[in-house]
Amino acid sequence: MQHMYNKSTTLEIKIKNRQIAIMSQNECDIIACISAFERGCNNVYLVNENGTYSGYAISRKSFHKLWESKGNAVVNVPSIEMQEYEELPYNDKISSQLIAYCSANEGLTEFPLVTCEGVVRSLVCLGSKDNKVDNNTCMPWEVWTNWHVPLTFLLNYKKIYISSLDDVNVRSFHRYYSTCLSLELLSADNINDALYGDDNLLIYSVDVYPESSNKINIKLLFNSINSQASKIVYNELYIEHSNIAFLGKTYVNDLARIIYLLDQGHQVINVISDTEVFCGIITADDVRNVFPCTNIAIQNNYIPFSVSEDKIKAEWFELFRQVGSEIPVVVNEKVWGLCIRGNHFAGRCLKYEKEIQPLYWNLISDEIILSFFSNYNNVLLSSTASDLKSLGDRLTECGISVCFFENTLINDFLNGCFELLIYGSDVWNPKVIPSFDVRKVYANMLAEEIKSYLRKNRVAFYYIDIENTPVSLDGRIEIVPVPTQPAIVVGGERVVYTVYTDSIAGDGFHTVGGRRVTVGNSAANKKTIHLFGPCTVAGSFTAKDEDTIASFLQSYINDANIQYNVVNNGNPGESSISALNRIMDTLIMTGDIVVLFGQDLYKDIPVFSAIQNSSFKDIFDSDKYCRGKVFFDLAPHLTPLGNKLLADYLFYFLYDDMQKSIDSVIVKTLAEGLKTNISCDDALKKYLASLKVNKVMSNKIGAIVMNCNPFTRGHLFLIREALKQVDFLYIFVVEEDSSAFSFQDRFEMVKLNCNCFSNVVVLPSGQYMISRITFSAYFNKEDLQNSTIVPAADVRLFGKYIAPYLGISKRFVGEEPLDKITRQYNMAMKEILPEYGIELVEIPRIEDDTHQPINATLVRKFILAGRLEQCHSYITEATYKYIEKNYDRLYQRLASFIRNG
């Protein structure tokens, strides 16, 4: 039989030193074979009692025979002797032998490479370079973990079995659902019940099971859950278990304390007794209705809930109409979580936006600060919540008198002793003085700063208001009902993505590096129109890439033979602050054009209104564009026709700018060009000077930034792998003291573990690598898994200043299949660091005996449980001895850290 591979095939020969499954031929362990196949092994190689290869193996295909009566799963798999081919993997002889083996053994493309003693050392694999498949993509299970629909799909089964924890997606599913579903791991004792029991379900990654069994592939399961969840996506209910505001019942009349919690972004405050029994809730409306009095009524609105109750009840929505976007879920008289109704595409409430997008007032120049605040002599800030505290510090720097609200100041406020109020939550009624939302003030100032900077560098900047919608709907514009299901199709299913953070390929829907693909781009075009904004720009209601605003605009530009590419930087649910931050971190050339679509800029804020902009009202009320099925609702959700009409408007609006003859020169990103924490200020210069004594002269210098909370065998593996590629390695230990182990303890453990390396130096990271200043989301990862982060400031600091100062050309990280915050950080480094001539190298993580990635979280759990001896397989000997020596002190800090959240 002629094998599928022939001389015309572009072959790739690989040597695999990992994922080799070996088993004694005298002990055919079914569960061990399944585990090996789930890990990605194609064959399980059988060895003799002395450890030499027997010449036989069990393949995925032959394994099916085990389910047949008297079936024999063992097949002959010839080996290749290692010493004959020293020039592996691209040796002509081995290529010929492999093709011969593949032809003689149908279905096999992998063979063991054995030593002269007959021991399996590696695997030789034959494949096509043109047909690579990535089987390690991690599905974002966390998107649906707070939804009830997946439970609806799965609770129909009496028992749910999972094949193993070796596949990353099965493991991720188990991680997120084990608390709310009874999941049982497949074993020799339950395999028959799992395969043939009534009303049971087996979830697997690799299908080696009998056809008659009740089973589902993990990828098909994810798509099914996507499909089920999409049916109620516009109801938008999910459960949140962290970041919940509590207030003791004795403080219900403490107005300043309540305002502080609301200013932090909480929609409801849960009032509890001394024994943490739920008493009721307070909302911003409750405060506003009685302000400035303190006799605030406590509402008794909550959702009684049990884990098995998965059906979304109609009365819950009535509660949302009464209360707002958050309602507490109460179990046994105590708050179990928050049921949240909001924009699913955003995937978060304002309080999460505050965590992801803190306000960096140092970005704003003194000139712009003073242009607004100098008109007021006495400024009142509503609380010391983070957004307002940082503003207060900045205003003090500029010589402006500020005061933070306290209960004793209520009469001063009412009597007009203050000239301006800046608040976080709008509970101030009546507003007896000019009053503005702090985030709107910041967004307008940042937009003004960006506009000024770009125009100085000959980059056009425009703003289009998508909230100011057409009001003269006289029949010429039709409103199309909102689709009952999402428009986007991936893998044959209709799905919703909270944010565009990865590369996605669907039915006409594609994103690359987190950006929606624009049809018609050309590498020959040197200038760019950058479109930023929320779902309107991203095309969340647009199934096909060619029907987005960006693609229609690109088509018009191409027809006019104008050499501009349109880049779609839209992100569903994105706020103006998030979009402005991404503009700052985008590489822009002179002659480029930036268009921002938003809802909350240049409104009601004095000074900042003289920007050339448009609005949907201006555009779609005009005779030219006021026609047809334009909106899915009253805006900003456009139909494909609406996108096309808006693109036509943009083409003529931007035409003069596109005709200007401006040479393309790279403009510093605004994060570098503005007066910010990214600039090389005195503190950064001082930090760089502190590194001078550790500078070395070497051809290949690498770096790792580590938290080490605590130092594990995984960290040591990463260091050793990095040293294989560089001559000298800098290890920066995260200095931010926001981890369970203190910086001093973490730093000491890293030094102890690196004493054996003569070409490694361990240094503190300062405030310039993974700190709350540069990358605050890192320290709130558990709460922000469904969020888009902007870590570019941290990455550019490293690339622009730290790496060149020390001669670093490679930065090493461990690959991250599960944690989306770390994964986005790695993606940002992969995209940005090459601009500075730095290569990012991702190293696969090592696993423990259960094939779980070694991680510090499990070590911390063992320590808290008083089971230090069980840490041996996860941490190095040096780490073990350090923890053992300082156990009492470390335990107390760890327990306190967990207790305080």
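## Buried rings and the F291–F413 pair

A residue counts as buried when its relative accessible area is under 20%. In this predicted model, F291 has a relative accessibility of 6%, so this residue is buried. Its ring partner F413 is buried too, with a relative accessible area of 0%.

The two rings make one of the 21 aromatic pairs that the structure holds. F291 and F413 meet edge-to-face, with 6.3 Å from centre to centre and 75° between the planes. The pair brings together distant parts of the chain: F291 sits in the loop between α9 (284-290) and β17 (303-304), F413 belongs to helix α14 (residues 410-414), and their positions lie 122 residues apart in the numbering. If you follow the ring pairs onward, you reach a cluster that links F291, F405, F413 and W428.

## A second long-range ring pair

Let's turn to Y462 and F653. Their rings are also edge-to-face, at 5.0 Å centre to centre and with 70° between the planes. This pair again links distant parts of the chain, with Y462 in strand β24 (residues 460-465), F653 in helix α20 (residues 640-653), and the two residues 191 apart.

Are both partners buried, or is one partly exposed? Y462 has a relative accessibility of 8%, so it counts as buried. F653 has 23%, so it counts as partly exposed.

## Charges over ring faces

Rings also have charged neighbours here. R257 lies over the face of Y251, at 3.9 Å from the ring centre. K695 is placed over the face of Y805 in a comparable arrangement, at 4.3 Å from the ring centre.

## Salt bridges

Side chains of opposite charge can pair when their charged atoms come close. The model has 18 salt bridges. In one of them, K159 joins D193, and the closest N and O atoms are 3.8 Å apart. K159 lies in strand β9 (residues 159-162) and D193 in helix α6 (residues 191-196), so this salt bridge ties together parts 34 residues apart in sequence. K159 is partly exposed at a relative accessible area of 36%, and D193 is partly exposed at 31%.

K215 and D207 form another salt bridge, at 2.9 Å from N to O. Here K215 is buried, with a relative accessible area of 18%, while D207 is partly exposed at 32%. E835 and R796 also pair, their closest N and O atoms being 2.9 Å apart. That pair links the loop between α27 (820-832) and β42 (839-843), where E835 is found, to helix α26 (residues 792-806), which holds R796; the two are 39 residues apart. E835 is partly exposed at 38% relative accessible area, whereas R796 is buried at 2%. Elsewhere, D366, R394 and E397 are linked in a network of salt bridges.

## Nonpolar cores

In soluble globular proteins, nonpolar side chains tend to be buried together. The largest nonpolar core in this model has 44 residues, and those with the most contacts inside it are W361, I364, I369, F373, I422, M445 and L596. Several elements give two or more residues to this core, including α12 (366-373), α13 (386-397), β22 (420-423) and β34 (593-598). Which element gives the largest share? That is α15, with 10 residues.

I422 offers a good place to look around. Leaving aside neighbours within four places in sequence, I422 is in contact with F373, V379, L380, L381, S382, L388, L391, F436, V438 and V441. Apart from the largest core lies another of 40 residues, among them L716, F757, V760 and L868.

## Where to read with care

The protein averages a pLDDT of 76, and 72% of the residues score at least 70. Two stretches deserve a note. Over residues 84-92, pLDDT stays under 50, and the model has 14 contacts beyond four places in sequence for them. Over residues 306-314, pLDDT also stays under 50, with 13 such contacts in the model. Where pLDDT is low, the predicted coordinates should not be read in detail.

Conventions. Residues numbered from 1 in each chain as written. Predicted model: local features only at pLDDT ≥ 70, side-chain atom pairs only at ≥ 80, totals over all residues. Heavy atoms only, no water. Phe/Tyr/Trp six-rings, centres within 6.5 Å; stacked < 30°, edge-to-face > 60°. Helix = DSSP H or I, 4+ residues; strand = E, 2+ residues; numbered from the N terminus. Buried < 20%, exposed > 50% of the residue type's maximum accessible area, 1.4 Å probe, protein only. Lys NZ or Arg CZ within 6 Å of the ring centre and 35° of its normal. Salt bridge = Lys/Arg side-chain N within 4 Å of Asp/Glu carboxyl O. Core = buried A, V, L, I, M, F, W, Y, C linked by side-chain atoms within 4.5 Å. Contact = heavy atoms within 4.5 Å. pLDDT = per-residue confidence, 0-100.
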